[in-house]
Structures are given as C-alpha cells and as structure tokens.
Amino acid sequence: MEKAIETNETNFSEPCVETADTDEIVKNITHSTEKYFTCNVCGKFCSRKWDLKIHSYMHTKDKPYSCDACGKGFSQIASFEAHYRSHTGENPFCCDVCGEKFSRKYSLDRHIRTHTKEKPYSCDVCHKDFSYKSGLIVHYRMHTGEKPYTCQTNEKPYSCDVCNKGFSHKSTFNLHRRTHTNEKPYSCNVCHKDFSHRRTLDAHYRTHTNEKPYSCDICNKSFSSNSHLNVHTHTEEKPYSCDICHKDFFRKEHLKRHSLTHTGDKPFSCDVCGRKFSRKCNLNVHYRIHTNEKPYSCNICNKDFSHKTHLNVHFRTHTNEKPYSCDVCNKGFSHKNTFNLHRRTHTNEKPYSCNICHKDFSHKTHLNVHFRTHTNEKPYSCDVCNKGFSHKSTFNLHRRTHTNEKPYSCNICHKDFSQRRTLNNHYRTHTNEKPYSCDECDKHFSTKSYLNVHLRTHTKEYPYSCDVCGKGFSQRSILKTHLRTHTKEKPFACDICSKAFSRTSDLKRHLRIHTKEKPFECDICNKAFSYISNLKRHLRIHTKEKPFECDICNKAFSYISNLKRHLRTHTKEKPFACDICNKAFSDMSSLKRHLRTHTKEKPFACDICNKAFSDMSSLNRHLRTHTKEKPFACDICSKAFSMLSSLKRHLRTHTKEKPFAYDICSKAFSKLSSLKYHLRTHTEEKPFACDICSKAFFEMSYLKNHLRTHTKNKPFVCFICSKAFSKFSSLKNHLRMHTKEKPLACDICNKAFSYISSLKRHLRTHTKEKPFACNICSKAFSYISSLKTHLRTHTKEKPFAVKRFLRCRV
C-alpha cells in the first residue's frame with residue numbers, strides 16, 4: 001500500500017474479491033488499471049487523486065488559492081474564480097430570456113426557474129413544490145417542528161464605530177454601516193442606479209424586465225415582490241381588530257402600527273439625532289436628512305428629492321397641474337396646504353392669536369415667527385458668518401450668498417436667480433411690464449422698490465446720511481457701499497481665489513473670470529463677453545469707429561489703451577521696467593508677460609489638453625490647434641493660417657520681400673528666426689546642447705528633433721497609412737507621397753517637385769554646379785550618389801553580388 005497525502009491508494013489491476021461492501025463502494029470503478037483513493041480522516045472515497053487532494057483541504061483548512069485584491073483564500077480554484085468576478089464585475093453567464101447576467105452558473109440556473117416556473121423540490125408530506133432546495137429544507141421544519149437554531153445569549157459582537165449600535169449578525173452589521181458611508185455597491189446595468197442591498201437591486205431589476213414571479217393561486221394575478229403578494233387578498237375579512245377603537249385590519253403588522261397612535265409609543269429611534277418615530281418607513285425617510293440621500297429624481301429636470309410626495313408635488317410644476325381649486329375665485333393650487341391657507345383670504349379666518357399683543361394670524365407659521373419679535377429669538381444661525389435670523393426663509397436666502405445657489409431659472413433666457421421675487425422682477429424685462437407708476441411724472445417701473453427710489457428725485461429726500469462725511473443718499477444700499485470707502489471694508493470675498501471686494505456687483509463681475517460666463521453678446525457676430533465695457537469696445541470692430549486720434553501723426557485707434565501705447569513709439573518712453581533684469585517695456589502687459597519668463601508662471605491653461613501658457617495670446621493660438629480654426633487668409637492664393645504672424649511670413653513668399661538682412665555678408669532673410677540662425681553660422685554658436693550625449697545645435701527645434709533619436713519617440717503620425725515620424729517636416733514630406741502635391745517649382749523650367757532636396761538637385765542641371773569632388777582624382781559630380789559610384793572605381797568595391805541560377809533540363 002502506497003501513502004499519498006494522508007490517503008490510501010489501492011490498485012485494482014489484479015482481479016478483486018467481490019464482497020457486498022466493496023461492490024457497494026466501488027460499483028462504478030472499472031477493473032482495469034483504475035485506482036480509488038480513501039481519506040484517512042473521514043473515510044470518503046474519491047475516484048481521482050486530484051479530487052482527494054481538494055477534499056483533504058476541508059480537514060487541513062488549507063486554502064492555496066488567494067485573491068490578490070482582498071487577500072481572501074479559497075480551497076478550490078472554481079470558488080476562487082467565481083469570487084474574483086466580484087472585483088472585476090465580470091458576469092459571464094447570461095439569461096437568454098431577460099438578459100440578466102450572473103457571475104456563477106449556479107446563480108443563473110436558480111434564476112432561470114423564475115422564468116420556467118420550475119419547482120423541482122417537492123415536500124413528501126404536503127406535496128408543496130419549491131424552486132430552491134433551501135426553501136424546501138426550511139419548509140420541512142413546519143412539519144417536524146424542528147428549530148435547529150437556539151439563541152444562547154443576547155450577545156451582539158458587532159458594534160458600529162459611528163453610532164455604537166450593536167448587531168448579532170455580521171451581515172446585518174455590514175448593511176448598517178452603509179447607512180453611514182452611503183456605500184451602494186450594487187448597480188443596475190440598465191439605468192446605473194445604485195443600491196445598498198442586493199435584494200433591493202433584484203426587486204429594482206423587475207421594473208425594467210416587468211418580471212412578476214409571485215403569483216396568486218386564486219386569481220393568477222402576478223406581483224413583482226412577495227410582500228405585494230402577501231398584501232393581496234380576495235376576502236373582505238379583516239381578522240385583526242383594535243381593542244380601543246375597534247378598527248379592523250387585514251394584516252397583523254397594520255394593527256401593530258395603528259396601536260402606536262393610541263399608546264404614543266415611538267419604537268424607532270434615529271441613531272444620529274435621537275429623534276423617535278412610530279413607523280420604520282418614517283425613520284428611513286428621516287435618515288435622508290443626515291445622509292443627504294435623494295432617491296427620487298424628476299425625469300424632466302433631473303432634480304432630486306428625499307420624499308416621493310415632494311417629487312409628485314414638484315412634477316406639477318412641469319405639468320401645470322393644479323388639482324385643488326378655490327370655489328370662490330376659481331384659483332387653482334398644486335399644494336393642498338397652500339390651498340387651505342388661500343381659503344382663509346376669503347373667510348378672513350385668523351385662528352392663531354398672539355398671547356402677548358393679541359394680534360391674530362391666519363397661518364401658524366406666521367404666529368411662530370411673530371413671537372420672535374417679542375423674544376428676540378434668532379434660531380437660525382449661519383455656519384459661515386454666524387449671523388442669526390428669526391425667519392427660516394430669510395436664513396435660506398442668506399445662505400445662498402455663500403453657496404451661490406440659484407434655484408430659480410428664467411424659462412426664456414435661462415438666467416438663474418437666488419430668490420423667487422427676483423425672478424418675477426426679471427420676467428418683466430422680457431414682457432416689458434411696468435405695473436408701478438409715478439403719480440408726479442407718469443413714469444413706470446417694473447418693481448415697487450424702483451418706484452420708491454424714484455419718488456425721492458421729486459421730494460429731494462435723502463434719508464440716509466453718512467456719519468463720517470455727512471453726505472446724503474436716497475438709498476440705504478448706496479450708503480452702505482459708500483461707508484466702505486471710509487472703512488476700507490471688503491466683505492464680498494471670492495470663494496475660489498479669496499479676493500475681496502467692497503461691492504457685490506464687483507464680485508459678480510470678478511466671478512465671471514472663474515465661471516467663464518459671458519452674458520453680453522454681440523448682435524452682429526454673436527461673440528460673447530464677460531463685461532459690457534468689453535462688448536462696447538468690440539462693437540468698434542464692426543462700426544470701424546476709431547474715436548482716439550494721435551496728435552502727432554493723426555493715426556486713429558479704437559481703444560484709448562492702444563493710443564497710449566502708440567504715443568510711446570514717438571516718445572520712446574518705456575516706463576515699465578523689470579525688477580530682475582532691468583529690461584524696460586512701453587506697456588504694462590508686455591512687462592507682465594516678460595516677468596513670467598523669470599517666474600515660469602503659466603496661468604492660462606487649455607481646457608482640452610491642460611497645457612499651460614504664460615500669456616493669453618499664446619493660449620488662443622494653441623486653441624486653434626484643437627479647433628483647426630484658420631482665421632487669417634492670404635488674399636493672393638487663399639491659403640489660410642491659424643496665426644497672423646504665419647500669414648505675414650507667407651506673404652513674403654509672394655512679394656519676395658526679405659526685410660531681415662545681415663550687415664557683414666549682406667545676406668537677407670524673410671524671417672527673423674532665419675536671420676538669427678544664420679548669425680550662428682558666423683559665430684559658430686550652438687547654445688542648445690543635448691543632456692544625454694552633449695551634442696550641440698544651432699536651434700532648439702534641432703535639439704528637440706535630436707532628442708527623439710534617444711527616446712525613439714515618433715509623435716507625428718500619418719492619418720492615411722499610420723506611419724509615424726520623429727520630425728514634423730518628415731511627416732509633411734511623407735504626406736506628399738499620398739497627395740502627389742508638388743509645391744516647389746523650378747524658376748527656370750517650371751518643373752515641379754515634392755521635396756526641396758529634389759529641387760536643389762534639379763537646379764544643378766541648369767547651373768552645372770558640381771559640389772561633390774573625389775578626394776583621389778579631384779573629379780567633381782553634381783550628386784553625391786554619383787560620387788559614391790565613382791569612388792568604387794578606385795576601391796574596386798563591388799557591393800552588389802549577382803546570383804546565377806542554372807536551369808535544369810529534364
């Protein structure tokens with residue numbers, strides 16, 4: 001007998017002695033060379049050595065397969081693979097009926113029974129059928145009276161770190177923790193809605209599949225959940241009756257819930273704030289105040305709500321449904337409580353009275369707010385500035401000054417507002433409605449506050465006076481703003497960059513720098529601007545208006561800033577000097593740009609690729625690489641360019657103008673960069689050195705191209721054949737192979753070429769120039785290829801071998 005992993009291995013190659021026991025054990029094993037393996041611990045037989053090895057892990061607790069993601073161990077590779085899908089989200093097993101996917105085949109087989117209604121497990125006692133074996137096992141205990149799970153103690157070993165609530169089950173503890181973390185690990189594949197419980201996700205799936213697996217045995221009506229089926233009944237019998245008021249109920253839990261209205265008992269307590277509720281559903285809704293969960297979403301505007309009733313009421317703002325109508329004035333209301341309050345305007349009913357001053361109110365909330373005028377109570381405090389408020393509505397409006405929340409939107413121009421009355425006033429800018437009229441001059445106003453301010457122009461009333469300088473003002477807001485000129489107070493701070501302002505209007509203008517909002521639009525070209533002053537300046541581009549004229553040369557300008565800069569060309573004044581290198585500039589913007597060369601600051605970032613630039617003009621030029629915009633077109637050949645400087649350089653190819661000349665050799669160039677490069681041929685200066693091999697270059701572009709020989713980077717890719725190149729010029733030359741473009745023409749014979757090198761070689765046929773000379777015999781050649789061929793006559797080199805093939809005759 002051979003020992004193997006604490007097992008017994010027996011060879012059946014010899015004829016076996018047939019006994020009743022062995023025949024029973026190995027009845028399926030052949031008598032050839034097959035072996036069976038016995039576990040020494042429990043005596044179980046396995047037909048394969050591998051099966052026995054896996055079985056032995058049950059006794060040794062060995063788990064050789066470990067998950068790299070969470071460290072959990074498994075004894076079988078199949079269990080490990082199924083577990084790993086919980087991390088990858090892979091669901092390879094798909095239902096052919098409804099398309100739902102599963103990570104395990106076992107789960108798919110169970111799910112299919114919801115479609116086939118197959119119930120393969122039957123009770124031997126009452127013949128009731130079940131889809132799952134676990135359901136049958138639990139059912140059996142109804143007949144046997146078996147209760148295998150006995151509570152030993154009231155121990156709750158799992159405690160929540162947040163609210164200290166204890167749990168006896170780890171699974172219940174894990175579900176509870178998600179109420180604090182808002183973790184929702186189960187996601188719907190159809191609408192991507194997230195859920196904290198798997199069973200809630202399963203129930204939600206049925207809203208997409210319209211699956212109703214729970215059916216009534218009497219009327220065959222189907223339900224999506226078991227709880228709905230249980231509520232469904234055919235009898236009018238209400239067996240559960242309240243002992244106090246004798247009200248009857250269908251279900252026992254409904255009676256229990258009702259009894260709490262008599263006892264005043266509230267068994268469900270909030271773990272966060274301690275508030276108690278009589279119903280668990282009310283507690284669940286209350287929890288959303290702490291978790292900020294808003295599971296009900298409007299399909300039209302995507303606004304979220306914590307209560308389904310709030311969503312239903314909100315929906316009426318889209319449908320304009322007003323189910324509550326006043327019998328007196330026929331006015332409709334979408335809210336029942338608003339309707340009830342409105343009715344008191346007709347009855348003049350004021351049921352709420354103040355105990356101190358005996359003033360009557362039609363709304364209880366109005367009475368509560370009124371009490372605070374006696375008590376000076378301000379229960380609503382701002383978390384940001386600690387300012388107190390007696391009205392919740394005033395407090396909510398104040399908070400929006402910090403959050404910049406604007407929940408009211410104009411349906412016409414989509415402008416947002418923080419207050420409803422501000423939106424109503426704004427609407428009048430579209431309708432031109434001005435309901436408030438001045439009795440003195442018949443001037444009309446859209447708001448009552450504007451009318452009150454206007455009336456002071458007639459009465460010369462200045463009720464608001466400055467205590468410092470005695471200056472009078474017609475509006476309190478103007479006085480407040482004026483006082484800040486004395487106190488230097490700047491109470492309006494930007495939440496993004498913390499810059500402070502003395503007026504809220506200045507803050508609003510500043511915020512447009514961050515929000516990129518441009519509310520002022522040009523009627524001619526639709527270009528938008530952040531400030532009205534910028535729009536006015538822009539309009540001069542269309543009107544060609546140039547109101548600012550130079551006294552010296554009579555040149556006119558559209559902007560005063562341009563005139564000031566121009567005057568310095570006459571005076572040679574450069575008042576803006578750099579503190580670091582003392583370089584002087586004629587305008588402040590040039591100095592600011594220059595300073596960034598020292599600070600390496602690049603405040604202007606591209607929204608598309610996040611590349612940063614030191615000045616706005618560079619960013620605008622860069623953006624055209626994304627938009628492919630080429631606003632500068634050549635009047636001669638219509639070729640377009642993304643930059644004005646590129647157009648100017650291009651025009652010199654038509655005019656043959658070369659304004660950049662070198663005094664020593666009198667050579668002229670069409671581009672300044674070409675002149676700078678040429679100067680280095682005289683000075684032999686090579687300022688751009690490679691950090692890897694120390695090779696130096698005349699130009700930065702040459703260094704960049706050279707660095708790619710080290711990095712093997714080829715960023716320029718042909719969009720036709722996908723071939724990559726390390727230099728942009730190589731890509732341009734390559735593209736001419738596809739386009740057959742030949743932009744370079746010979747001035748003598750007009751023959752066209754694709755590449756400059758080809759044109760240079762061709763020109764030698766006209767000039768008879770032979771720049772390539774032989775070092776041995778001094779013979780000259782027009783092309784280097786001809787020189788290489790000639791050199792082989794001296795070296796006797798024959799690099800091209802000819803292979804001869806013998807033809808065999810059959």
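In which helix do Asp506 and Arg509 both lie, and how many residues apart are they? They lie in helix 18 (residues 504–515), three residues apart, about one turn of the helix; the legends below return to this pair after an overview.

**View 1. Confidence across the predicted model.** This is a predicted model, in which local features need pLDDT of at least 70 and side-chain atom pairs count only at pLDDT 80 or more, whereas totals for chains, interfaces and linings use all residues. Residues are numbered from 1 along each chain as its sequence is written, and side-chain values use heavy atoms, with hydrogens and water left out. The protein averages a pLDDT (the predictor's confidence in each residue, from 0 to 100) of 81, and 93% of the residues score at least 70. Over residues 1–34 the pLDDT is below 50, and beyond near neighbours in sequence this stretch has 41 contacts (heavy atoms within 4.5 Å) in the model. Residues 803–810 also have a pLDDT below 50, and this stretch has zero contacts beyond near neighbours in sequence.

**View 2. The salt-bridge network that includes residues of helix 18.** Helices (H or I, at least four residues) and strands (E, at least two) are DSSP runs, numbered from the N terminus. Asp506 forms a salt bridge (a side-chain nitrogen of Lys or Arg within 4 Å of a carboxyl oxygen of Asp or Glu) with Arg509, the closest N and O atoms being 2.2 Å apart. With a relative accessible area of 15%, Asp506 is buried, while Arg509, at 34%, is partly exposed; here buried means under 20% relative accessible area, exposed over 50%, and partly exposed in between (1.4 Å probe, protein chains only). Salt bridges that share partners join Arg503, Asp506 and Arg509 into one network.

**View 3. Two further salt bridges, at Asp202 and Asp51.** The structure holds seven salt bridges, and one of them joins Asp202 to Arg198, with the closest N and O atoms 3.5 Å apart. Because Asp202 and Arg198 are four residues apart in helix 7 (residues 198–209), about one helical turn separates them. Asp202 counts as partly exposed at 29% relative accessibility, and Arg198 is partly exposed with a relative accessible area of 42%. Asp51 forms a salt bridge with Arg48, where the closest N and O atoms are 2.9 Å apart; Asp51 counts as partly exposed at 26% relative accessibility, as does Arg48 at 48%.

**View 4. Arg764 and the surroundings of helix 27.** Arg764 has its place in helix 27 (residues 756–767), whose buried residues are Ser758, Leu759, His762 and Arg764. These buried residues pack against strand 53 (744–745), strand 54 (752–753) and strand 55 (772–773). Although buried, Arg764 has no salt bridge, and Glu769, the nearest side chain of opposite charge, is 4.6 Å away. Not counting residues up to four places away in sequence, Arg764 touches Glu769, Pro771, Phe772, Ser782 and Tyr783. Just after helix 27, Lys768 takes a positive phi of about 60 degrees.

**View 5. Helix 4 and the strands that cover its buried residues.** At 1.5 Å a residue, the 12 residues of helix 4 (residues 105–116) should span 16 Å, which agrees with its end C-alpha atoms being 16 Å apart; the expected span is 1.5 Å times one less than the number of residues. The buried residues of helix 4 are Leu108, His111 and Arg113, and what covers them includes strand 7 (93–94), strand 8 (101–102) and strand 9 (121–122). Lys117, just after helix 4, takes a positive phi of about 60 degrees.

Definitions and conventions. Lys and Arg count as positive and Asp and Glu as negative; His and the chain ends are not counted.
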